[in-house]
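Please open the model in a viewer and keep the sequence panel visible. The tour proceeds by selections, each followed by a short account of what is found there.

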Amino acid sequence: MTNNNFPSYLVDWVQAYLSDRSVRIADGAVLEPSSTPIQVGILQGSPLSPFLFNVYSSPLCHNHQRLGVDLMVSCIDDYCLLAISASWHRNAITLTAPGNQLQLEANQGGMNFVLSKTELFHFPCGKNLPTTDLPEVQCREHHIPNNLEQRWVGVFFDRTLRPTLHIENSAAKARTTLYKLALLLKKLKPEMTSQLMKATVIPALTFGLEIFTRNHINNREVVPINMCRKAAAKIITGK
């Protein structure tokens, strides 16, 4: 945090929060007689955890220009390397070197990328969408094959970069949530039903759509959303 020019009072506050911590385990009836000191780690679910991870791993992002890629973005511990050229083979070659360099720098900082979970996705600039013979990226001894579908930070992409795949997956998730709540929804008052729908079904149905412009979504792609809405209305009204 000091290297990233955070105010000294904020550094002191985080240091105080992470120092001299201890834990006592209870099962509801019995409590440990004494506390056990905690040397490392942050409380699970704490909003401080992703913040501190971003600070700790920030050198990886600061060095992206010298890695030879056009852009490198991250969401917590998910990193994305982007290479743009007129050739997919050139992209694969371009991504190989920074991919290996990024892994090396992560290892030097005590971090490690799980290469078996690393995915490669080629976005075409034209209408030709070949599904075979696409180049792979090699990071050390691991070969990263091309995927036809990609999910990153909860948003689904296909080769056309249209929202069709994302809407279909979101609608399916929303319908699953809706049917699980069906019996409960029929017993609630309309205002309570509305609140429950807004808290559970609607977020699943609309998550990630803000990245697609309204002009980019056509009437056919909206069909799964409308079907989910009609299913919700039928369950609520019984008609």
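A residue is called buried when its relative accessible area is under 20%, exposed when over 50%, and partly exposed in between, computed with a 1.4 Å probe on protein chains only. This is a predicted model, in which local features need pLDDT of at least 70 and side-chain atom pairs count only at pLDDT 80 or more, while totals for chains, interfaces and linings use all residues. Residues are numbered from 1 along each chain as its sequence is written, and side-chain values use heavy atoms, with hydrogens and water left out.

Select Glu221, which is buried with a relative accessible area of 2%. Add Arg162, which is partly exposed at 25%. These two residues form a salt bridge, with their closest N and O atoms 2.7 Å apart; the term denotes a side-chain nitrogen of Lys or Arg within 4 Å of a carboxyl oxygen of Asp or Glu. Glu221 lies in helix H7 (residues 219-237) and Arg162 in the loop between strand E8 (155-157) and helix H4 (164-180), so the pair ties together parts 59 residues apart in sequence. Helices (H or I, at least four residues) and strands (E, at least two) are DSSP runs, numbered from the N terminus.

Next, select Met197. Leaving aside neighbours within four places in sequence, Met197 is in contact with Leu178, Leu185, Ile202, Pro203, Ala232 and Ile236, contact meaning heavy atoms within 4.5 Å.
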